[in-house]
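Please look over the sequence and the structure shown here before reading on. The report that follows takes up salt bridges, the exposure of the residues that form them, and a small sheet.

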Amino acid sequence: TANVKHLNLAHLRELSPALKKLSLGGTVDMDLDVYVPYAAARNSRLSGMLSTRNLAFKAAHLTVEKGDAELNLSGNTALIKRVQVQINDTLLEVTGQVASPTEPDIQLHVTSPDLNVDRLLPPARAEASVEKPSQGLSPRAPEKTAKTEWPPTVLKTTARIRVEADKGRYKGIEFQKLTMDAFYDRGEIKQSDLSFGMEGGQIAMTGSGDIRDPEDIRFRVSPNIKSLSLERIAAILGVPGVSVSGPVSANGELQGRAGISNDLLASLTGNLDAEIGPGEIARIGRAGEWMARLLSLTSIKGILSGSLLEDFANKGLPYQRIIGQATFNRGNMDVSYFRLDSNTMNLDAKGRVNLLEGHMDIGARLKPLGVVSTVVGAVPLVGKVGASLTEIYFNVTGPLDDPRVSIIPGQGIAGAVEDQAKGVGSVFRGAAGSPGKEENKWIRK
């Protein structure tokens, strides 16, 4: 039997350096009956109650304070009647139970009025410097690393966890009304459901995963995003210099292997449908550079007004809607449908992007609109060409950072040339080639 009233944990600090390092504080009350079989310690049983008041300690990057808890113990089960604790200034409340210490069965309900995930996660590690071998000494052979394995308890544990938060923060971005339900069974995440709001939009996600082999973690996820800022999604994913702004809605199903970028892309399969807009394409990032190349071709510059190109360079290109459908297949992204609608032009495209090699092969069709654009203050089509020219066909091929944009013969261009053979020869000069000196100023900053 163990019976303790108001045990001051601060007095235990001097018992060992480890306890002193923890900066233990608070008080403990307990009234327990302890049964420990001599021949089978794993069958030990506890019965009774345990409570804490103002529990405090420090471990790794965590500072735990104001820990008030009430637990009832019966046999091999601990019933968590109530736990309220502040971790790194984030208030958490926990109820549930934990059974069978040797093969844990955990059921928890965690709530927080303000869940600051940034404070709870460990700080990012700085990259370790690599020591160079001393001059004159032969470098040592690389050491063989042992296979990474989980502690045995990880593969013996089952858990059902629900998390709710009124609001919170992740990577500096605020979210509201978060709920998460997860079922974990001995190394497999059988089911996980996540939902939260962010800046007027909503993210819902279901998924599963297999973590039994820490060197080969597999996942399946089905995202459902509604009216969320594309810039915010990029910030969460750590993608800098986003070219396209506007609200995005997306859904699909993806599966693959977790890991560094190339491992992930090489294993990724599934599909994703997205709709963005209204918004703007800015002359930054890859998409902005591609659009600059497209608009800067001599042929297109002879059709579209110069003020349109000036506005794109200085202000960006407003658009009403972008729709895309893509399929991922182990390093390749096949774009089966892409459509951009704006006041000055419509753009359709399809093709393939090799994400591993950074190479693209896209066919596209641009249709200038022969109306006055009140947005950019320019007439998109110039001269009589606008009356007969309906579409421009072109290819975008090569490295993602430096693709070649070339016009190919198409019905719209052929009709325009036939109708205006003598008057517009200069419009299509160099159409099949790369941008020249005149165009480079639109491409390079």
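Is Arg218 buried, partly exposed or exposed? Arg218 is partly exposed, with a relative accessible area of 38%, where buried means under 20% relative accessible area, exposed means over 50%, and partly exposed lies in between, for a 1.4 Å probe and protein chains only.

The model is a predicted one, in which local features need pLDDT of at least 70 and side-chain atom pairs count only at pLDDT 80 or more, while totals for chains, interfaces and linings use all residues. Residues are numbered from 1 along each chain as its sequence is written, and side-chain values use heavy atoms, with hydrogens and water left out.

**Salt bridges**

A salt bridge is counted here when a side-chain nitrogen of Lys or Arg lies within 4 Å of a carboxyl oxygen of Asp or Glu, and by this rule the count comes to 16 salt bridges. The table gives some of these pairs, with the distance between N and O atoms.

| Acidic residue | Basic residue | N to O distance |
|---|---|---|
| Asp216 | Arg218 | 2.9 Å |
| Glu253 | Arg220 | 2.6 Å |
| Asp341 | Arg339 | 2.7 Å |

In the salt bridge between Glu253 and Arg220, the pair links distant parts of the chain, since Glu253 belongs to strand E15 (residues 247–257) and Arg220 to strand E13 (residues 218–229), 33 residues apart. Strands (E, at least two residues) and helices (H or I, at least four) are DSSP runs numbered from the N terminus. Glu253 is partly exposed at a relative accessible area of 33%, and Arg220 is likewise partly exposed, at 35%.

Asp216, the salt-bridge partner of Arg218, is partly exposed with a relative accessible area of 26%. Asp341, by contrast, counts as buried at 15% relative accessibility, whereas its partner Arg339 counts as partly exposed at 22%. Asp341 and Arg339 also belong to a network of salt bridges that links them with Arg321, Asp348 and Arg365.

**A three-stranded sheet**

Three strands form an open sheet with antiparallel pairing, in the order E14-E17-E18, where two strands pair if DSSP finds at least two bridges between them. Strand E14 (244–245) and strand E18 (317–319) each have a single partner strand and stand at the edges, so one side of each is left without a neighbour in the sheet. Strand E17 (residues 279–281) runs antiparallel to E18 and is joined to it by three bridges; within this pairing, Gly279 has Tyr319 in E18 as its bridge partner.
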